[in-house]
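Me: I would like to go through a structure with you, mainly how its chains meet. Could you take my questions one at a time?

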There are 2 protein chains.
Amino acid sequence: MDIEGFRKAGYQAIDRICDYYYSLQKLPVVAQVQPGYLAKVYHTRLDALAAPQREQSGIQLDEQPSMHRAGDGRDGLGGETLGLGDHFMNSSAEGGGVIQTTASEACIVVCVAARSLYMRQHPDAKLEELVIYTTSQTHSLGVKAGLVLGLEVRIIDVKAEDDFALRGEALRTTLETDVGKGKRPFIIIATVGTTSSGAVDRLGEIGEVLKEYPSVWLHVDAAWAGVTMACPEYRGTARLEDINKFATSFGTNFHKWGLINFDASMLWVRNRKHLTDALDVTPEILRSQQHIAGVVIDYRNWHLGLGRRFRSLKVWFVLRSYGVEGFRKHIREGIALNEYFASLLRDFPDISIVTPPSFALTVFRLVPCGSWDHSAPITEELLNMLNRAFYARLSARSDILLTQTVLNGMFCVRFAVGATRTTVEHIDIAWEIIKEEALIALKDSELKVDSSQGVI
Amino acid sequence: MDIEGFRKAGYQAIDRICDYYYSLQKLPVVAQVQPGYLAKVYHTRLDALAAPQREQSGIQLDEQPSMHRAGDGRDGLGGETLGLGDHFMNSSAEGGGVIQTTASEACIVVCVAARSLYMRQHPDAKLEELVIYTTSQTHSLGVKAGLVLGLEVRIIDVKAEDDFALRGEALRTTLETDVGKGKRPFIIIATVGTTSSGAVDRLGEIGEVLKEYPSVWLHVDAAWAGVTMACPEYRGTARLEDINKFATSFGTNFHKWGLINFDASMLWVRNRKHLTDALDVTPEILRSQQHIAGVVIDYRNWHLGLGRRFRSLKVWFVLRSYGVEGFRKHIREGIALNEYFASLLRDFPDISIVTPPSFALTVFRLVPCGSWDHSAPITEELLNMLNRAFYARLSARSDILLTQTVLNGMFCVRFAVGATRTTVEHIDIAWEIIKEEALIALKDSELKVDSSQGVI
């Protein structure tokens, strides 16, 4: 949809809201449909069952489901597009999907469910013995879940030689040591596409280790990179098969790289009962016949708060507007542009790509191996000082926005593609800016090294 | 603003979005303002400092603050309108306000902060000893906070003769008993305007009792009724003075009765450091100069998730559109309409108002004292069966939506006013429907009692 198409659709949306208010008095107060009606409509209209394969001309929504509370959180829309197994779908009647506010809240939710399940299975356990497992590359959502729940978080170190991914052996050793000390592992948060460097934990190895620890919940956080699974060719890299085989829960944010505005954090679980067993509070005042009969899914028992917004509509709008092929094109373009960016870096001798480009992310730093010619050797400390100066120069500019990270002590710069309108020209412009600042930073550091013999 | 005014403003908003996309390429990537700029603008433009007293003609937003992350969550807008003390405002540099997603999430947040504070003060405490206090009338958010955090929740019974409000004496007795058993009270969730019946806990008495328990955090949940404090004449009923004197934190939902669309759940705390001490995770990647210097408030350390939406803008739009006087008018009209409704009930002999009408809520049930003339006495059980049948009739209709509640065993019907467009005519129509169904329910029950001698 182009800008003028958006203007037309936007005016129509405003008109519909006005029509609604003009007719409000004549509308019934209570919805005239029964819970479950929308699923039936979907199943009889195959073209609406899944996200359309191609872009729809204009946006139409034949069945406006906003009057129907239980219509929220259509897990099939996103889940089928990503290739998730049927056992994660609401239609399985055992697993299910729900839109959470953020990946961090999804992480808290699964930690609550896992803790609750563990405590039911081990009534003698003390909360003080429970441990959440993450790696040094896990997003701070892991540490935050520990802070919120007041539980211990064990951060497992990962190695540069493994591209900062968690290996089965490191997990096994840590679990054995901790269990030996009386600790009780109950959940591990693995990552597909870490924030720092796009690392993908070795889910197959992790799954094999966890066979010996059946009480440990495996949550796979793919907040940023999960959307790549919409493209069949990236499902291997994103370890979809292992996710379907081993993950107890899986989450990805459609609001990061997935075209949908914040917030649309998708969470799927293998067993929805683990959520409701942990979180269901249904006071008399909110009970309905359908709830009692189990016909309605009450999503408030699937997340932290009790109220929720109707977010699935915007997911539907975007998938309908782009179509699955359009969505894939967006992902593929992001990855192609990042590959192009990485190819530019490779031609610049004083820049080192720190980890292999992952999806649409490249992590790099200045390593003046080509032109460095001083009496002082290049220590890691000097490199970090050089790169901090380089990044400070980039940060002072208003025409580019990059972020920093530290990978096992190495200060690095992150370059991520993901915006809808980014083209080759934007990459070229970005590269010119980066090169310009790199050359100045390198020159500055040489002057400083020359004048002070090694101390920048 | 009328419907055509909305249409005009809506078109303008769509046009602005289109203009934004047309000019996107020319805009700087990084915000051209420094953190704190908005507060300075506000302080130099007194007309924009507080919510306007009168409705603004058209909606204008001179300083569009969306580029400025720290501009989110303007606590002053709502807090000053409600009459909260300065010590709850961000400007106090000690307290502060933040928009949370729901009152239930706000409740989890304060429980986390209170637990974290308690555990720092009592390093020998075990999580298993901690207790959250609520009453039998507290919203299920209290029980849910306990489920999420895995902590014990003590539900204190309240009495019909106290209009279902928590009294100081009941709290004192419960605390003494629990502490005697080795329990560790760390937070009490009191309510101003319970969901069931609009009860207002006796905050003054509670505050006095808590002087003997300085480690117990007092959270006041006024999710529904807090907005009445915008009107000076209801501040006494809503116990504003006690809130300002005793509450450690206070929350109200502007998305319930406060004209703002879900979600806009306001939370104020007396000491913001208690939130950040409990929740701050700032990884290297997200650090900024301003954060390090303490200039920027990072609201992600004030709530459960790490991301957040920019919700203060809609609060600002609504308060600017209505003005404080317009906002008060809306609240006053709701309360007046409820008083009118209650007066209609009082003229109907077989209906009993169960608790005094509270703000815009009336709780009632059928008590056929006038016309009941059977051999079977009216037991509580029979009354509940009668009222369940009455409510079932009301629920089967599509032209009215009422909710049920159970107050110390009494099944009751709730009538709440709060929608923007409700008028006297709507109350009259509702009353005709309620009367019609009441008469049928009463007649049906007489027939059943007659035919089966006491068993409805």
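The exchange below deals with the contact between the chains, their symmetry and the domains.

Me: Before anything else, what kind of model is this?
Reply: It is a predicted model.

Me: How many residues does each chain bring to the contact?
Reply: Chain B contributes 70 residues and chain A contributes 69 residues.

Me: And how much area is buried between chain B and chain A?
Reply: About 5,800 Å² is buried between the two chains, and 63% of that area is on carbon and sulfur atoms. The accessible area lost when parts come together is often used to state the size of an interface.

Me: How many salt bridges are there between chain B and chain A?
Reply: The count is four. One salt bridge pairs Asp15(A) with Arg7(B), with the closest N and O atoms 2.8 Å apart. Asp15(A) belongs to helix α1 (residues 3–23) of chain A and Arg7(B) to helix α1 of chain B, so this pair joins two chains.

Me: What does Arg309(A) form a salt bridge with?
Reply: Its partner is Asp263(B), and the closest N and O atoms are 3.7 Å apart.

Me: How many residue pairs are in polar contact across the interface?
Reply: The rule finds 28 residue pairs in polar contact between chain B and chain A, with both residues at pLDDT 80 or more.

Me: Which elements of chain B give two or more residues to the side that touches chain A?
Reply: They are the helices α1 (3–23), α5 (103–121), α6 (141–149) and α10 (272–279), together with the strands β10 (403–407) and β11 (410–416). The largest share, twelve residues, comes from α1(B).

Me: What is the make-up of that side by class?
Reply: On the side of chain B that touches chain A there are 33 nonpolar, 17 polar and 20 charged residues.

Me: Changing topic to symmetry: what rotation superposes chain B on chain A?
Reply: A rotation of 180° does so, with 0.0 Å of shift along its axis and an RMSD of 0.0 Å. The two copies are thus related as by a two-fold rotation axis.

Me: Why can one say that the copies meet through the same surface?
Reply: Because 99% of the interface residues of chain B are also interface residues in chain A.

Me: Last topic, the domains. How is chain A divided?
Reply: Chain A has domain 1 (1–30), domain 2 (72–309) and domain 3 (328–452). The C-alpha centres of domain 1 and domain 2 of chain A are 38 Å apart.

How values were computed
Residues are numbered from 1 along each chain as its sequence is written. Chains are lettered from A and ligands numbered from 1 in the order in which they are written. This is a predicted model: local features need pLDDT of at least 70, side-chain atom pairs count only at pLDDT 80 or more; totals for chains, interfaces and linings use all residues. Side-chain values use heavy atoms; hydrogens and water are left out. Domain bounds come from an automatic or database domain assignment. Contact means heavy atoms within 4.5 Å. Buried area is the accessible area (1.4 Å probe) that two parts lose on being put together, summed over both. A salt bridge is a side-chain nitrogen of Lys or Arg within 4 Å of a carboxyl oxygen of Asp or Glu. A polar contact is a pair of N or O atoms within 3.5 Å; within protein, one must be able to donate a hydrogen and the other to accept it, and residues adjacent in sequence count only if both atoms are side-chain atoms. Helices (H or I, at least four residues) and strands (E, at least two) are DSSP runs, numbered from the N terminus. Ala, Val, Leu, Ile, Met, Phe, Trp, Tyr, Cys and Pro count as nonpolar, Asp, Glu, Lys and Arg as charged, and the others, Gly among them, as polar. Copies are superposed by least squares on the C-alpha atoms of residues with pLDDT of at least 70 in both.
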